[in-house]
Amino acid sequence: MGGKFESSEDVLRALAGVRYLCDKRVAGAVYLADCLERPVLVEGPAGTGKTQLAKSVAEICGARLIRLQCYEGLDEGKALYEWNYRKQLLRIQAEREERAWGDISEDIFSEEFLLTRPLLEAIRAEDPVVLLLDEVDRIEVETEALLLEVLSEYQVSIPELGTMRAVQIPRVFLTSNSTRELSEALKRRCLYLYIDYPEVGREREILLAKVPGISDDLAGEVARIVRSVRRLDLRKPPSVSESLDWARTLVMLGAEQVDPEVFDETATSLLKYRSDTERAQRELAGLGAR
Amino acid sequence: MESVGACEERNPLLEMLDGFAKALRRAGLPVSLTERIDALEAIRRTDISDREALKNALGATLVKTQAHWPTFEVLFDVFFSIREGPCEGIDDTWLDELAVADSVIARDGRPPAQSEAELAEMLMAALAAGDLGMLAALARGAVGRYAGMQPGRPVGGTYYLYRTMRNLRLEEMIDELMAGSEAQTPLEIRLEREEFEDRAEMLRREIEAVIRRRLVADRGHEALARTLSKPLPEDVEFIHASRDELEQIRRAVVPLTRKLAARLSRRRRQRDRGHLDYRRTFRDSLGFGGVPVEPKFRRPRPSKPEIVIIADISGSVAAFARFTLHFMYAINSNFSKVRSFVFIDGVDEVTHLFENSDDMETSIMRINTEADVVWVDGHSDYGHALGAFRDRYGKAVGTRTSVLILGDGRNNYHASGAEALEKLHRRSRRLFWLNPEPRSYWNSGDSIMAEYRPHCDGVFEVRTLRQLERFVEQTF
C-alpha cells in the first residue's frame, strides 16, 4: 500500500468526491492510518457515518469491502477461520480402510478443509481490501484478543498450517458505539477517531449533497432545527441519517419551510420516541403550538 | 517496528512532545510508549505549521477516549500554542489596530474610553455577521483590555476569563441583537438566538485560549500544565465537589451507567451458560456416527438480585446519596426489585418517587421535600434510624435481598444501634456499607465505622463515581 494518499487534503477531496463530507480530523486520521499502517478505531454517537466512512474509503480506493458485523458470542470460528469438520469426517470415513491415520490427518488439515472467515479473508486477499469490524464493543473482552494479532501484525496463526501473513496490508476500520470501554491492548494498536454530530454548516452541505432537490434555504433550516433538537435532553437525539430522512420526507411533501403542521406530520422520521417528539414540539415553541 | 523515536537527535519538537506526553500522563491519560512512537511518526507526516493538523495527528495517536479530549485540548494549547504564528487567518489591518490599542494600554495603564465602545461595536458586528476571524482577533483585544493580567501572579485562567467575560456582557449583546432581529415566529427566534449563542461560545473559547497562551508565555508550559490539570468527572470526590463539579458528575452518571448496565447484563448471561444438556447433545451426535461433535447446553435462567438501599441524606453526605440512588436506579434493569429508604434521624421509604418516573432529577428533588426523615433535630442518628427501619420496614429485607447502606457513619455521638444492623444482616443475603469518606478518616471523631463493620459483608470507600462503578461491577 505504502501511502496511497498524498496528504490529508487529498483524502478530504477524494471523500468529498464520493459525497462523504467530513472535517479535517476525519481526513487526517484516515491519512495517518494509511501512512502508519494502523487500523482506525472510530467512535461516536449512532448514525454519524462511522460505517459509511469505511465504505466511502473503500469506494475511493477501489477496494473491496470485507465486513464483519460483531455481536455477542462472536468466536474464532465466525471471525477468523474454521475447519470444515463435516467434510473432514466424510473424508475420514471414506478412507478409513485404505489409508494410514498419519496420511489422513495431514490431509484433512489442508486448505481444502479450511473455511475462511472475514479476518482471514482480508489477510489473504490479493486485491486491495478495506476490512470493517462493525460495532466491536458488542464482543466480549476475551474475544477482543482474537483481533489483536490481525490488527498489529496483519497475520493469522493457524496451528495446523502455520502463520498466514497479509499479502498486502488491508486498511482496517473498527467502529464502536462505546457501550463499553474497549481494552487498552486494542486501543493501543489503533488510531483513534471520534466522529460527533456535524456542525450546522457541514450538516447543511451534507443535506445538499445527499438529498436530491432540496433547496438551499430548506437545507439550512433543517440543519438549524436539528441542531436545536439535539440540544434538548432526548432519549435518542436525531442522527445525521435521521436528519437526511427527515429532509427527504420534507422534499417529498414539497414543503418549502418547516411550520407546525409539517413538523407534526413528519416528526416520526426524525425522532423515534413519542416522548421525544412531544418534548421537541413543546420546547421549540411554535412547532406544534396547535 | 521502527525505533526512530529513541535515537533521533535532540530537536525542540521532540522534547516538546516528550514533555507533552508526560503532562498527559500526569493528567490521568494512559499514554504508552507505542503511542508516543506513533505520535512521533504521525508528526513527521504532518505539516506542523498547520496547528489544527498537528492537533489532530497528536489526538489520533495519543488520545483513545473522547472523554479525555477536553483535557488533551487544554494541554495541547499549553504546550503548542507558542509555536503558532501570531496571526493566522486574520486580516492584518485589524491586528495592527489592536496592537496599537494594546500599546496604548501599556503606556498609561488604563484603556482609553472610546476604544472600549469601539470594541463593543466591533464585537456586535462580528457576532451579527458570524465573522470567526474577526472574533478571534477581538478576543485578543478583549483580553488585553479587560483581563488585567499581571505577570507572575499565581492565579489560574478562570479568574481572568471571568473578568473578561463580565466586562464584555455578551448576554446583553445577544439580547440586543435579538431585539434588532427580523425573526418572527418563536421557532425562528429560537434558532437565531442559538446561532448567536454558538458564536458567543466560540468567542469565549477563543478568549480562554488567548489567556492560556499568555499564561504560558508568562509562567512556562510545565508549570501551567500542572496547575491546569483538573480531575476527570469520575474522579471528583462527592463530598468536596463544587457546584460546577456536581453538575459534571451529574452529566457523567448516565453514560457511565449505560455502559455498566450493558456489561452487567452481558456478564449475567455469560456467567451461567447452563449445564450440559445430555439429551440434546446425544441426539445431535447421531448425525455424526455417535461422535458428540457439538455439546449442547441448557438455557441459563438468570437470577437478578433484589436491592434495598438505605441512604443517609443529611447535609454532609447528601450529594453522595443522590448520585448513588441515581446510579442504582439507572441500572435497575439488572435487579429484580429496588427499594429505597432515606434517613437522617428518622427513616422513610422513597421507592414510589422513582417508580414509573423517567425523570430522575425530579424524583431526587422530591426526596428533599417529601420524605419524612427528621425525628428530633435533623442531625444524623444512625442508631435510631436503623432501629426504626428494622421495626417499620424490616419485612422488606429477605433472604434474597442485598442491602446497601450509604453514609459516613458519623453518628453525632448517639447510640450506634449496631444490634439493629446485626439483625438486618442476618435476614439479608448480603449487606454492604458504602462510605464517601476516605478510609483514613473512619473512626476518627464521631465516626463509628468500627462498630458497624462486623455486621457487614463488606465496607467500601466510595468517594468518586469511579469507585462506585467498581463496587457495583465487582458485587453484582
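Hi everyone, let's start right in one of the sheets: strand β1 of chain A, residues 40-43, is joined to β9(A) by 4 bridges, and the two strands run parallel. Before I go on, please keep in mind that this is a predicted model. If you want one pair of residues to find on your screen, take Glu43(A), whose bridge partner in β9(A) is Tyr194(A).

Now look to the other neighbour of β1(A). That is strand β8 of chain A, residues 171-176, and here too there are 4 bridges in the parallel sense. Val42(A) is a handy marker, as Thr175(A) in β8(A) stands opposite it.

Let's step back to the whole sheet. It is an open sheet of 5 strands with parallel pairing, and the order in chain A is β2-β5-β8-β1-β9. Which strands stand at the edges? They are β2, residues 64-69, and β9 of chain A; each has a single partner strand, so one side of each has no neighbour in the sheet. From one strand to the next, the twist averages 20°. Helix α3(A) packs on this sheet and touches β1, β2, β5 (129-134) and β8 of chain A. The direction of α3(A) makes about 175° with that of β5(A).

Let me stay with β9(A) a moment. In a regular strand, side chains alternate between the two faces of the sheet. So are the residues on the two faces of β9(A) buried or exposed? Leu191(A) and Leu193(A) lie on one side, Tyr192(A) and Tyr194(A) on the other, and all of them are buried, which leaves both faces covered.

Next, the start of chain A. Helix α1(A) covers residues 8-17, and its buried residues are Ser8(A), Val11(A), Leu12(A), Ala14(A) and Leu15(A). What do they pack against? Within chain A, the buried residues of α1(A) meet α2 and α3 (50-61), and they also pack against α4 (51-62) of chain B. Just after this helix, Arg19(A) takes a positive phi of about 60°.

That brings us to how the two chains meet. In total, 30 residues of chain A are in contact with 32 residues of chain B. On the chain A side, the elements that each supply at least two residues are α2 (24-36), α5 (85-94), α9 (184-188), β9 (191-194) and α11 (216-231). Notice that our edge strand β9(A) is on that list. Which element gives the most? It is α2(A), with 7 residues. Sorted by class, this side of chain A has 14 nonpolar, 5 polar and 11 charged residues.

Over to chain B. Its secondary structure comes to 21 helices and 6 strands. Of its 476 residues, 36% count as buried. Among contacts in chain B between residues at least 6 apart in sequence, 72% join residues at least 24 apart.

Chain B has a sheet as well. Its 6 strands form an open sheet in the order β3-β2-β1-β4-β5-β6, and the pairing is mixed. The edge strands of chain B are β3 (347-349) and β6 (458-461), each pairing on one side only. Neighbouring strands here are turned by 20° against each other on average, direction ignored. Helix α18 of chain B, residues 382-393, packs on the sheet and touches β1 (306-312), β2 (337-343) and β3 of chain B. The direction of α18(B) makes about 40° with that of β3(B). Towards the other edge, strand β5(B), residues 430-435, runs parallel to β6(B), with 4 bridges joining them. There, Asn435(B) stands opposite Glu461(B).

My last stop is a helix pair in chain B. The axes of α2 (residues 12-26) and α5 (residues 69-80) of chain B come within 10 Å and cross at roughly 150°. That makes α2(B) roughly antiparallel to α5(B), because angles over 145 degrees count that way. The crossing of α2(B) and α5(B) is right-handed. Who makes the contact? From α2(B) come Met16(B), Gly19(B), Phe20(B), Ala23(B) and Leu24(B), and from α5(B) come Phe72(B), Leu75(B) and Phe79(B). By class, the contact of α2(B) with α5(B) has 7 nonpolar residues, 1 polar residue and no charged ones.

Thanks for listening!

Note on methods
Residues are numbered from 1 along each chain as its sequence is written. Chains are lettered from A and ligands numbered from 1 in the order in which they are written. This is a predicted model: local features need pLDDT of at least 70, side-chain atom pairs count only at pLDDT 80 or more; totals for chains, interfaces and linings use all residues. Two strands pair if DSSP finds at least two bridges between them. Axes are lines fitted to C-alpha atoms, for helices over the stretch in contact, and angles run from 0 to 180 degrees between N-to-C directions. Two residues are in contact if their C-beta atoms, placed from the backbone, lie within 7 Å. Angles under 35 degrees count as roughly parallel, over 145 as roughly antiparallel, 65 to 115 as roughly perpendicular and the rest as oblique. A crossing is left-handed if the near helix is turned anticlockwise from the far one by less than a right angle, and right-handed if clockwise. Ala, Val, Leu, Ile, Met, Phe, Trp, Tyr, Cys and Pro count as nonpolar, Asp, Glu, Lys and Arg as charged, and the others, Gly among them, as polar. A residue is buried if 20 or more other C-beta atoms lie within 10 Å of its own, exposed if 12 or fewer, and partly exposed in between; C-beta atoms are placed from the backbone.
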